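Please look over the sequence and the model shown here before reading on. The paragraphs that follow walk through some of its helices, loops and rings, step by step.

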Amino acid sequence: MNVLPTIRHLIATDVDELTEKVHSLQWQIDYTQLEQGPFQAEVLTYQWPDIQLIRVQYSRAIRSLGISPPGKVAIVIALSAPLGWRWHNYELTGDQVVLQTASQGIDHCRWGDFPLAIVLFSLEELLAIAAKMKEMAVVEQLSGTNYVLSPPAPLLRKFRQLLARVFQATEQKTNLEFFCQSYPHLHRAIIVQLFALLSAPSIPVKSFYRHQLVKQAENLVREIGDRPWTVYDLCQQLHVSERTLRYGFQEIFGIGPKAYLQTHRLHGVRRQLKLTSPGETTVMAIAYQWGFWHLGQFSQDYKKMFGELPSVPLNRP
């Protein structure tokens, strides 16, 4: 049976563009850039009738928050050694795998430009196959929420190699026809290896106080996104000390709340500049609106973050 996948190769040069393009793939995820420097994201997807394979890579530290497509289960694997990788504030190693269902959502921080692979299946289909094969351990795993799996190294290496061959088929344009024509074999191979992964020892992911506190702060900033939040504002709203908030942000994001809020405000300025036509307003007016009062320092910070002066997006046709 010859089953041609729908292949999409997406490139984004800022987190707002990434958010928009990922939403088009039915993933409701919002992204926050966590470090300075020009941003680029690459997303490669293969969509078959009942499997979606995705490879993502980002040039900067990034925060992902949202939900996966309803009724789906995802396996997330680092394809090379991660610099830093947290899932619901659980610090992962490169030898661990995330099992994620839509019931608890996506809460992910990563540092470094290592690629991640995501295998997305219908939860209903996987449960039916597992029950038919009497894989009750797999049924139990899939009926939970979020887990971190620790599979044996040879099994993880074999699964990575299988995924790498699929992704290389597009880049090299050599074996794509083979993979299309042998889809039943590919589907079966992924199912077998997926069930082996799901039988590995697992750790349920739990949320702790600092993690919950930082998520509350994030929600405030996101819900009233056009407000130039300060650390003092957040402490007042959350009834916590600046020290407590700083510890939480450092633990989860690797940066303090002041740096996080500045990144958020710089992106707010950039977003507004991109949506504004020349002559409607000025860079200075938008910078003031977002709480940047020292225009010289603002211009320097903006260029460090995006690799261009703030006047560029305003004057871009």
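In this predicted model, a good place to begin is helix α8, whose buried residues pack against α7 (209-223), α9 (242-253) and α10. Helix α8 covers residues 231-238, and its buried residues are Val 231, Asp 233, Leu 234, Cys 235 and Leu 238. An α-helix has 3.6 residues a turn, so residues three or four places apart point the same way. Just after α8 comes His 239, which takes a positive phi of about 60 degrees.

His 239 is found in the loop between α8 and α9, and it has this positive phi although it is not a glycine. Most residues other than glycine have a negative phi. With a relative accessible area of 72%, over the limit of 50%, His 239 is exposed. A second residue of this kind is Asn 89, a residue other than glycine with a positive phi near 70 degrees. Asn 89 has its place in the loop between β7 (84-87) and β8 (90-91), and because its relative accessibility is 14%, Asn 89 counts as buried.

From the loop that holds His 239 the path leads back to the helices on either hand. Helices α7 and α9 pack with their axes 9 Å apart, at an angle of about 95 degrees, and they are therefore roughly perpendicular to each other. On the α7 side of this contact stand Tyr 209, Arg 210, His 211, Leu 213, Val 214, Ala 217 and Glu 218, which meet Thr 244, Leu 245, Tyr 247, Gly 248, Phe 249, Glu 251, Ile 252 and Phe 253 in α9. Sorted by character, the residues of the contact of α7 with α9 comprise 9 nonpolar, 3 polar and 3 charged. Tyr 247, one of the α9 residues in this contact, also has a charged group above its ring, for Arg 246 lies over the face of Tyr 247 at 5.9 Å from the ring centre.

How do helices α10 and α12 lie to one another, and at what angle do they cross? The axes of α10 (residues 257-275) and α12 (residues 295-306) come within 11 Å and cross at roughly 85 degrees. Because that angle falls in the range of 65 to 115 degrees, α10 is roughly perpendicular to α12. In α10 the contact is made by Gln 262, Thr 263, Leu 266, His 267, Val 269, Arg 270 and Leu 273, and in α12 by Phe 298, Asp 301, Tyr 302, Met 305 and Phe 306. The residues of this contact of α10 with α12 divide into 7 nonpolar, 3 polar and 2 charged.

Aromatic rings add another layer to the picture, and the count of aromatic pairs comes to 12. In one of them, Phe 253 and Tyr 260 are stacked, with 5.2 Å from centre to centre and 10 degrees between the planes. Phe 253 counts as buried because its relative accessibility is 0%, and Tyr 260, with a relative accessible area of 3%, is buried as well. Phe 292 and Phe 298 form a pair that is tilted, at 5.0 Å centre to centre and with 45 degrees between the planes. Ring pairs link Phe 292, Phe 298, Tyr 302 and Phe 306 into a cluster.

Phe 292 deserves a further look. Phe 292 lies in the loop between α11 (283-289) and α12, and, with a relative accessible area of 6%, it is buried. Leaving out residues up to four places away in sequence, Phe 292 touches Gln 262, Arg 265, Leu 266, Val 269, Ala 287 and Phe 298. One of these partners, Arg 265, has its charged end over the ring of Phe 292, 4.2 Å from the centre.

The last stop is Ser 64, which has its place in strand β5 (residues 62-67). At 4% relative accessibility, Ser 64 counts as buried. Its contacts, apart from neighbours within four places in sequence, are Ile 29, Asp 30, Tyr 31, Ile 106, Asp 107 and His 108. By contrast with these contacts, Ser 64 and Ile 191 are 27 Å apart in space, C-alpha to C-alpha, and 127 residues apart in sequence.

How values were computed:
Residues are numbered from 1 along each chain as its sequence is written. This is a predicted model: local features need pLDDT of at least 70, side-chain atom pairs count only at pLDDT 80 or more; totals for chains, interfaces and linings use all residues. Side-chain values use heavy atoms; hydrogens and water are left out. Axes are lines fitted to C-alpha atoms, for helices over the stretch in contact, and angles run from 0 to 180 degrees between N-to-C directions. Helices (H or I, at least four residues) and strands (E, at least two) are DSSP runs, numbered from the N terminus. Angles under 35 degrees count as roughly parallel, over 145 as roughly antiparallel, 65 to 115 as roughly perpendicular and the rest as oblique. Contact means heavy atoms within 4.5 Å. Ala, Val, Leu, Ile, Met, Phe, Trp, Tyr, Cys and Pro count as nonpolar, Asp, Glu, Lys and Arg as charged, and the others, Gly among them, as polar. Rings of Phe, Tyr and Trp (its six-membered ring) pair if their centres lie within 6.5 Å; planes under 30 degrees apart count as stacked, over 60 as edge-to-face and the rest as tilted. Buried means under 20% relative accessible area, exposed over 50%, partly exposed in between (1.4 Å probe, protein chains only). A charge sits over a ring if NZ of Lys or CZ of Arg is within 6 Å of the ring centre and within 35 degrees of the ring normal.
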